[in-house]
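Here is my note for you to read beside the sequence and the structure. Please go through the points in order.

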Amino acid sequence: MRKIMTCAALAGAILLSACNTIEGVGKDVASAGDTVANTADDAK
């Protein structure tokens, strides 16, 4: 039973850290997209 609880806790920690990483990548991509859009608007 202890092994199952340890594995579940470890899996939960990995999933939470992966969500934070994906969220950070999403913010970076959105920021890059906003920059490209603003540059295109300025070039008009």
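1. A word on terms comes before the fold: helices (H or I, at least four residues) and strands (E, at least two) are DSSP runs, numbered from the N terminus. In this predicted model, local features need pLDDT of at least 70 and side-chain atom pairs count only at pLDDT 80 or more, while totals for chains, interfaces and linings use all residues. Residues are numbered from 1 along each chain as its sequence is written, and side-chain values use heavy atoms, with hydrogens and water left out.

2. The secondary structure of the protein consists of one helix and zero strands, and helix α1 covers residues 2-43. Along its principal axes, the C-alpha trace spans about 65 × 5 × 5 Å.

3. Of the 44 residues in the protein, 0% are buried, where buried means under 20% relative accessible area, exposed over 50% and partly exposed in between (1.4 Å probe, protein chains only).

4. I4 lies in helix α1 and is exposed, because its relative accessible area is 56%.

5. D34 also has its place in helix α1, but D34 counts as partly exposed because its relative accessibility is 47%. The C-alpha atoms of D34 and G12, which are 22 residues apart along the chain, are separated by 33 Å.

6. As for charge, the protein has 4 positive and 5 negative side chains, and the centres of the two sets lie 24 Å apart. Lys and Arg count as positive and Asp and Glu as negative, with His and the chain ends not counted; the place of a charge is taken as NZ of Lys, CZ of Arg, CG of Asp or CD of Glu.
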